[in-house]
Amino acid sequence: MRRTNYQLLSLFALLAFISRASAFDPDMLQDLCVADLNATVKVNGFPCKDKFDAADFSSNVLAKPGAANNTLGSLVTAANVQKVPGLNTLGVSLSRIDYAPGGLNPPHTHPRATEMIFVLEGQLDVGFITTSNTLVSKTVIPGDVFVFPRGLVHFQKNNGAVPAAVMAAFNSQLPGTQSIASTLFGATPPVPDNVLTKAFQIGSKEVTKIKSRLAPKK
């Protein structure tokens, strides 16, 4: 009886270890794998190209403020694997986010990464919402950091009278972004109106109006 219990415990421990191990990216099998962004082969990531140099590991894409003169008053400039091919398989990336006075980085999620921001300038009201609908929010100033857990809806709002900027770090080479509003009201093909009217408890006229504002530009 004791032997049977011991075997069962050993089996459960092994299954738990396998489950935990499979929940993370596998270890690298080589020093580097510079992304071949022109490859036609589709894999979970990018294939490695044969030749590379220092330019594959460097970029000045985050050096200058982005133009936040748009409807939302914010602009995200990414330094991910698509901009820095040397990031392929390394599991990290950066973005710079610039905000005009009153600018908003609207509620969104990153399905493949946790995000940490470092405030470069200005003052922001930031927050995320847990799956139990608890808002965790704070006002951050230059030098502050704030973490948005992977997959949770979050936002940043510049309520100040001067521009603001942050540097954002991700534990993914390509974290992905789903903006809640544009995902639901600007999808192609569109989400059915009767889904949106029931989900948001609004009328079809309101749905049509929102869709017209968030429709992808042709």
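**Strand pairing, cores and ring pairs**

Visitor: In strand S9, which residue does Glu115 stand opposite?
Guide: In this predicted model, S4 (residues 115-121) and S9 (residues 164-170) pair in the antiparallel sense over six bridges. Within S9, the residue that stands opposite Glu115 is Phe170.

Visitor: Which residue is the bridge partner of Glu115 in S7?
Guide: S4 also pairs with strand S7 (residues 145-148), in the antiparallel sense and over four bridges. Along this pairing, Met116 stands opposite Val147. For Glu115, the bridge partner in S7 is Phe148.

Visitor: In what order do the five strands of the open sheet lie?
Guide: The pairing in this open sheet is antiparallel. Its edge strands, each pairing on one side only, are S1 (74-79) and S7. From one strand to the next, the twist averages 25°. The order of the five strands is S1-S2-S9-S4-S7.

Visitor: Which strand supplies the largest share of the largest nonpolar core?
Guide: This core has 16 residues, and those with the most contacts inside it are Ile117, Leu124, Val126, Phe146 and Val166. At least two of its residues come from each of S2 (93-99), S4, S5 (124-129), S7 and S9. The largest share amounts to four residues, and the strand that supplies it is S9.

Visitor: How many residues does the second, separate core have?
Guide: Four of its members can be named: the second core includes Ala35, Val81, Val84 and Leu87. The total for this separate core is six residues.

Visitor: Which residues does Leu124 touch, leaving out those up to four places away in sequence?
Guide: Leu124 is among the residues with the most contacts inside the largest nonpolar core. With residues up to four places away in sequence not counted, Leu124 touches Tyr99, Lys138, Thr139, Val140, Lys157, Asn158, Ala164 and Val166.

Visitor: What distance separates the C-alpha atoms of Ala100 and Ala68?
Guide: Ala100 lies in the loop between S2 and S3 (104-109). Beyond four places in sequence, Ala100 touches Ala68, Gly73 and Asn158. Ala100 and Ala68 are 32 residues apart along the chain, and their C-alpha atoms are separated by 5.7 Å.

Visitor: Is Gly102 buried, partly exposed or exposed?
Guide: Gly102 is likewise found in the loop between S2 and S3. Apart from neighbours within four places in sequence, Gly102 is in contact with Lys157, Asn158 and Gly160. Its relative accessibility is 37%, and since the range between 20% and 50% is the intermediate class, Gly102 counts as partly exposed.

Visitor: What is the angle between the planes of Phe185 and Phe200?
Guide: A search of the whole structure finds four aromatic pairs. One of these links distant parts of the chain, with Phe185 in helix H2 (residues 180-185) and Phe200 in helix H3 (residues 193-200). The two rings are 5.3 Å apart, centre to centre. The pair is tilted, and the angle between its planes is 45°.

Visitor: Which member of this ring pair is buried, with a relative accessibility of 8%?
Guide: Phe200 has a relative accessible area of 40% and is therefore partly exposed. Buried means under 20%, so the residue that counts as buried at 8% is Phe185.

Visitor: Which residues do ring pairs link into a cluster?
Guide: One member, Phe146, is also among the residues with the most contacts inside the largest nonpolar core. Another, Phe148, is the bridge partner of Glu115 in S7. The cluster linked by ring pairs consists of Phe128, Phe146 and Phe148.

Conventions:
Residues numbered from 1 in each chain as written. Predicted model: local features only at pLDDT ≥ 70, side-chain atom pairs only at ≥ 80, totals over all residues. Heavy atoms only, no water. Pairing = 2+ DSSP bridges. Core = buried A, V, L, I, M, F, W, Y, C linked by side-chain atoms within 4.5 Å. Buried < 20%, exposed > 50% of the residue type's maximum accessible area, 1.4 Å probe, protein only. Contact = heavy atoms within 4.5 Å. Axes fitted to C-alpha atoms, helices over the stretch in contact; angles between N-to-C directions. Phe/Tyr/Trp six-rings, centres within 6.5 Å; stacked < 30°, edge-to-face > 60°.
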